[in-house]
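Me: I should like to understand the terms that are applied to this structure. Please explain them one by one.
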Amino acid sequence: YVGLFSDNSQGILTFDGDHFSQQSDAIPVHASFYWGTIFDDEFHFIDQDSFTPEAPSHVAKVNETRTGVTPLAIIPTGVLVTSELHPTDTNLYFIGTTRDKQELYRFDGIQVFQVPGLSDINPGGNAIIRGNSFEPGSQFAAVGNKLFFTAINPDGGALYWTDGKEVAQVPDTQGTLGGVRGPTPIGDVLTFNLATQNIGAGFYSTDGSSIELLDAETAGNPQATFEEELYFPLRGLSKTDGQVVTTISDEVPNRFFEFQGDLYFTSGIPNEPEIIELFKTDGQHVTATGRIDTNGPLFDLRFFEFQGELHVVATDDNGSAFYSTDGSAAFSEARLPGATGNRIRLLASQGSFFLFTDNDNQLFMFDGNSTTPVDLEFNGQLGNPFNFSDSLFFTELVPNEFFSDIVLWKARVVPEPSTICIAILGTVWLASERHRQLIAVGF
C-alpha cells in the first residue's frame with residue numbers, strides 16, 4: 001500500500017504489511033493529493049499552489065519506486081484545478097478555473113490540453129456547476145474514451161460528452177440538468193434515470209449520438225453490475241445490457257452481493273420487517289436460497305464469506321445473531337458465544353478466523369467452531385478492517401487532548417502453535433474529526 005500524508009510536511013507513506021516508511025521531502029509542499037486517482041494503472045494527482053494561481057502547477061504521479069513524485073505535465077499558467085480528476089480510457093480530465101471563467105482540460109499521459117467547446121455551451125457564464133445542498137451539481141461518467149457530463153446552458157442545461165477533441169450535446173436531452181440520476185456505464189453506453197418535465201421520466205441509455213428509452217419507469221436502488229449487465233429494482237428484479245430491460249423476478253432486491261460466482265440479493269417481506277429472504281440469480285432465473293427470521297426489526301445486516309460458506313450477522317433488539325449457509329440450503333442460526341445480548345460493531349474475516357466486538361469493545365475471535373476472547377484492552381473505537389497479504393488489519397480511533405490518534409493493528413494466525421497473533425504496528429497519524437481516512441492506493 002502506498003499513500004500520501006500531510007502533517008507539518010508532506011511525503012509518501014509506504015506500508016509493506018509489517019513496517020511503515022516515510023519520505024518526508026518527496027512531495028511538493030502544495031501537492032493537492034485529495035484529487036488523486038488511478039490513471040493508466042498509476043496514482044496521479046495535482047501539484048498546485050492554491051494560494052498562488054500564477055505559480056507553476058503540474059499533473060504528477062507517484063514514481064515507480066514509490067520514493068518520490070514525477071512531474072508529468074505543466075498546467076497552463078493561471079489555471080487553478082477546481083474539480084476531481086475524471087479518467088477515461090485515453091485521457092484524464094479536470095476543470096480548470098481562471099479569474100473570469102472555467103474550462104475543461106485533459107491530460108493524455110504526456111501533455112495538458114484545453115478541451116475546445118466548453119465555454120461555448122454557456123456564453124458569459126460557467127457551464128459546469130459544482131452544486132450544493134439546494135442545487136445538484138454537474139455529474140460525470142466515463143464510457144470508453146468518452147466523458148459524459150451535465151452542463152448548464154442558456155436554455156437550462158443538457159447532457160454532453162467529449163472525447164477530448166470536441167464537446168457535443170447528446171440529442172434530445174435539453175432541459176435535463178439536475179434531472180439525470182445515477183449515470184452508470186454498461187458496455188459502450190451510459191444508462192441513467194431522467195426526471196424532467198421536458199422529457200418523459202424513465203430509464204434511458206445513450207452512446208452520445210442519440211438517447212434511447214429503455215423503460216418508462218425509472219430504475220431503483222441498489223444497483224449491481226454483474227457479468228457486464230446492470231441489475232436493479234424495477235417491477236421486481238430487472239437487468240439491462242444497455243439495449244433492453246428484462247424483468248427476471250417479482251422479488252424486489254434491497255441488497256446485492258456476490259458469492260461463489262453467483263449474484264445474490266436480499267428481499268424483505270411487506271409488513272414483516274423481521275424477516276429477510278435470500279435469493280440468487282444466474283441472469284435468467286431466480287432461486288430462493290434461504291430465509292432469516294429475526295426477533296425484531298433489524299438495525300444492521302452484514303454478509304461475508306468465511307470458510308467457503310456465506311455468513312450473515314443480523315443485529316436486532318436482542319443483539320447480534322449469526323447465520324450461515326453453503327448456498328444450497330436454508331440458513332442455520334447460532335448465537336455467537338460472547339455476543340449474546342450485544343451488538344457486533346467490528347466484523348472482519350481473514351482465512352481461518354474472523355473478529356468481532358461486543359458492546360464493551362471486547363474483541364473476540366471465532367474460528368468456525370468456538371469463540372475466544374482476545375486478551376487485549378482497547379481505548380478507542382475499532383473499525384476500518386481490511387485484508388492485506390496473509391493478515392487482517394484494523395484501526396483504533398483513540399481520542400487525545402486535541403483530536404484523535406489512529407492506531408493500526410495487525411492480526412494473523414501463527415501456524416505453530418496454531419494461535420492468533422494481534423500486534424500493534426504504531427500510531428499512523430494525528431487525525432482531526434474531518435480527516436480520518438488515509439488517501440491511499442494499493443499496488
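Reply: A cavity is, on a 1 Å grid over the protein atoms alone, a set of points where a 1.4 Å probe fits but cannot get out, and its lining residues have an atom within 4 Å of a point. Grid points are joined across faces, edges and corners, and a volume is the space filled by probe spheres set on the points. By that reckoning, the second largest cavity holds about 30 Å³ of space. The model is predicted: local features need pLDDT of at least 70, side-chain atom pairs count only at pLDDT 80 or more, and totals for chains, interfaces and linings use all residues. Residues are numbered from 1 along each chain as its sequence is written, and side-chain values use heavy atoms, with hydrogens and water left out.

Me: What makes the lining of the second largest cavity three nonpolar, five polar and one charged?

Reply: Ala, Val, Leu, Ile, Met, Phe, Trp, Tyr, Cys and Pro count as nonpolar, Asp, Glu, Lys and Arg as charged, and the others, Gly among them, as polar. The lining includes F192, F203 and L230, which are therefore nonpolar, and R181, which is therefore charged.

Me: Why is strand β6 called largely enclosed?

Reply: Buried means under 20% relative accessible area, exposed over 50%, and partly exposed in between (1.4 Å probe, protein chains only). Six of the six residues of β6 (residues 57–62) are buried, so the strand is largely enclosed by the rest of the structure. A strand here is a DSSP run (E, at least two residues), numbered from the N terminus, as helices (H or I, at least four) are.

Me: How do you know that β6 pairs with β7?

Reply: Two strands pair if DSSP finds at least two bridges between them. Six bridges join β6 to β7 (residues 69–75), so the two antiparallel strands pair.

How values were computed. 1 Å grid on protein atoms, 1.4 Å probe; cavity = no way out; pocket = protein on both sides within 12 Å on 5 of 7 lines; lining within 4 Å.
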